Amino acid sequence: MARYDIAGGIARSIQTIGESISRPFSDPVIRLGVTGLSRAGKTVFITSLVANLLDRGRMPQLAAASRGTIRAAYLQPQPDDTVARFDYERHLAALTGPEPHWPESTRAVSELRLSLRLAPRGPLGGLAGPRRLHLDIVDYPGEWLLDLALMDLDYASWSAATLAAIEARAIATNYRALAAQADGAARLDEPRAQALAAAFTDYLHAARAAGYSDCTPGRFLLPGELAGSPVLTFAPLPRPERAGRHALWTEMERRFEVYKARVVRPFFRDHFARIDRQIVLVDALGAIHAGPQAVDDMRRAMAEILAAFRPGRNAFLSQLLLGRRVERILFAATKADHLHHAQHPRLTAIMEALLREGRDRAEFAGARTAAMSIAALRATVEETVIHEGRPVDCVRGRLLQNGRTAAFYPGALPEDPAALLGPAREGRTSWLEEDYKVMNFAPARLRLGPGEGPPHIRLDKAAQFLFGDRLA
């Protein structure tokens with residue numbers, strides 16, 4: 001392992017030196033990482049962002065668009081030939097066709113390059129002509145980012161923490177029963193190990209569907225070519241007093257370490273370590289709907305994600321990044337169009353409070369962070385209806401289940417985020433006084449004018465924070 005680390009360090013050093021030498025003679029590049037927790041809408045965000053950078057009529061809060069600094073934008077072949085291309089054209093057709101529908105989620109790393117031709121800078125800029133900047137958008141699953149926390153844990157610590165976290169969750173009943181029956185000291189029986197891994201994977205899928213965020217190991221949910229392999233055939237177990245060389249516990253422990261070395265480490269080395277700016281999309285409304293435990297789980301997940309941007313906290317990451325840091329991190333609550341605009345400040349305040357635990361340390365390390373509420377594609381319109389003699393601010397849209405149009409009031413978010421975070425930290429299983437609902441809307445049928453991208457809420461403001469400074 002030492003030889004691998006030294007060789008990897010030398011290779012990265014050579015690459016860094018090469019990039020430093022060539023940078024003055026090539027077009028600048030921003031690598032924007034886009035990830036999200038469960039069902040947060042990464043595919044829709046990337047598709048709408050690119051469409052609105054190509055046609056900038058709805059981007060007034062992106063200064064370079066409103067001032068005319070961006071002269072042109074166009075797609076180019078991506079620089080990484082071994083990474084799947086983000087299928088922008090197919091996803092855009094799904095959102096803007098005559099019968100619009102949500103595109104399929106991406107299940108692995110993908111990438112897209114958007115090149116921007118910019119107005120000359122400075123009094124002598126006219127002599128050099130327009131500038132060009134490349135925006136490389138890297139799409140990857142949020143579950144993979146959460147796997148970074150595994151690098152600080154051994155199998156015993158991970159098992160204990162995981163079993164403690166799922167102790168009170170009804171959706172984990174089946175797996176807890178199997179784990180309790182398993183004898184970690186017994187000789188490895190492969191069908192038994194497979195049954196445990198399959199049951200734990202079923203729990204992770206149920207947890208993600210229920211709004212929980214701590215769904216790691218991430219590749220159990222998105223296995224790809226690793227499906228059925230030994231590296232994904234382990235699960236958390238109660239620790240036996242003693243375990244021999246060929247015991248179930250010993251083999252599970254070995255596979256856990258292989259997962260970290262062969263799956264987690266390459267992802268951070270090949271993709272994460274090269275990111276300049278980052279947006280983390282969060283379905284905060286879905287977690288609120290799921291209840292206090294899901295909200296507290298999201299708070300802890302956001303703190304763990306921020307740990308990935310504090311290299312000094314993780315020895316593995318410090319060696320990997322070689323002093324490089326992500327410069328800006330945006331946590332964005334998606335689906336703001338499910339609320340009337342009067343509630344958007346409350347949603348943003350909740351995001352700020354969820355982010356607070358890890359945010360101060362990230363800023364201390366030099367990264368700028370922000371929280372925001374957005375809708376990458378606006379699927380609703382606002383209206384006020386009279387209910388029991390009182391005006392109620394609602395949103396109206398096409399229902400996903402039947403395509404009918406309906407008005408919806410999800411319930412009022414609290415002015416003070418502590419009204420949500422307090423019960424969440426206390427471990428309550430339900431909200432005492434309020435019931436927050438979530439409605440699934442289908443995309444609206446669109447009629448786009450010349451130069452207009454799809455309608456959104458604060459997508460331009462998010463873009464300004466993430467990379468607007470580099471376009472000036």
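In the predicted model, the largest nonpolar core comprises 81 residues, and those with the most contacts inside it are Tyr-175, Leu-237, Phe-331 and Met-351. Helix α10 (residues 248-270) supplies the largest share of this core, with nine residues. The surroundings of one of these highly connected residues, Leu-237, were examined further. When residues up to four places away in sequence are not counted, Leu-237 touches Tyr-155, Ser-159, Leu-163, Tyr-175, Ala-179, Ala-182, Leu-196, Leu-248, Trp-249 and Met-252. Tyr-175, listed with Leu-237 among the core residues with the most contacts, is thus also one of the residues that Leu-237 touches. A second, separate core contains 43 residues, including Ala-64, Ala-376, Ala-463 and Phe-467.

Ala-463 and Phe-467 of the second core are also among the buried residues of helix α16. This helix spans residues 459-467 and is largely enclosed by the rest of the structure, because seven of its nine residues are buried, that is, under 20% relative accessible area. The buried residues are Leu-459, Asp-460, Ala-462, Ala-463, Phe-465, Leu-466 and Phe-467. Their cover is provided by elements that include the strands β1 (29-36), β5 (131-139), β6 (277-282), β7 (328-333) and β8 (368-373), together with helix α2 (42-54). Phe-331, named above for its contacts in the largest core, falls within the range given for β7.

The overall architecture of the protein chain consists of 16 helices and eleven strands. Of its 472 residues, 52% are buried. Among contacts with a separation of 6 or more, 77% join residues that lie 24 or more positions apart. The accessible surface of the chain amounts to about 21800 Å², and carbon and sulfur atoms account for 52% of that area.

Internal voids were also examined. The structure contains five cavities of 30 Å³ or more, and the largest cavity has a volume of about 90 Å³. A total of 13 residues line the largest cavity, and Leu-285, Leu-339, Pro-410, Lys-437 and Val-438 lie nearest its centre. Helix α11 (residues 284-290) contributes three residues, the largest share of the lining. By class, the lining is made up of nine nonpolar residues, three polar residues and one charged residue.

Methods: Residues numbered from 1 in each chain as written. Predicted model: local features only at pLDDT ≥ 70, side-chain atom pairs only at ≥ 80, totals over all residues. Heavy atoms only, no water. Helix = DSSP H or I, 4+ residues; strand = E, 2+ residues; numbered from the N terminus. Buried < 20%, exposed > 50% of the residue type's maximum accessible area, 1.4 Å probe, protein only. Contact = heavy atoms within 4.5 Å. Areas by Shrake-Rupley, 256 points an atom, 1.4 Å probe, with all protein chains shown as cover. 1 Å grid on protein atoms, 1.4 Å probe; cavity = no way out; pocket = protein on both sides within 12 Å on 5 of 7 lines; lining within 4 Å. Points joined across faces, edges and corners; volume = space filled by probe spheres on them. Nonpolar A, V, L, I, M, F, W, Y, C, P; charged D, E, K, R; others polar. Core = buried A, V, L, I, M, F, W, Y, C linked by side-chain atoms within 4.5 Å.
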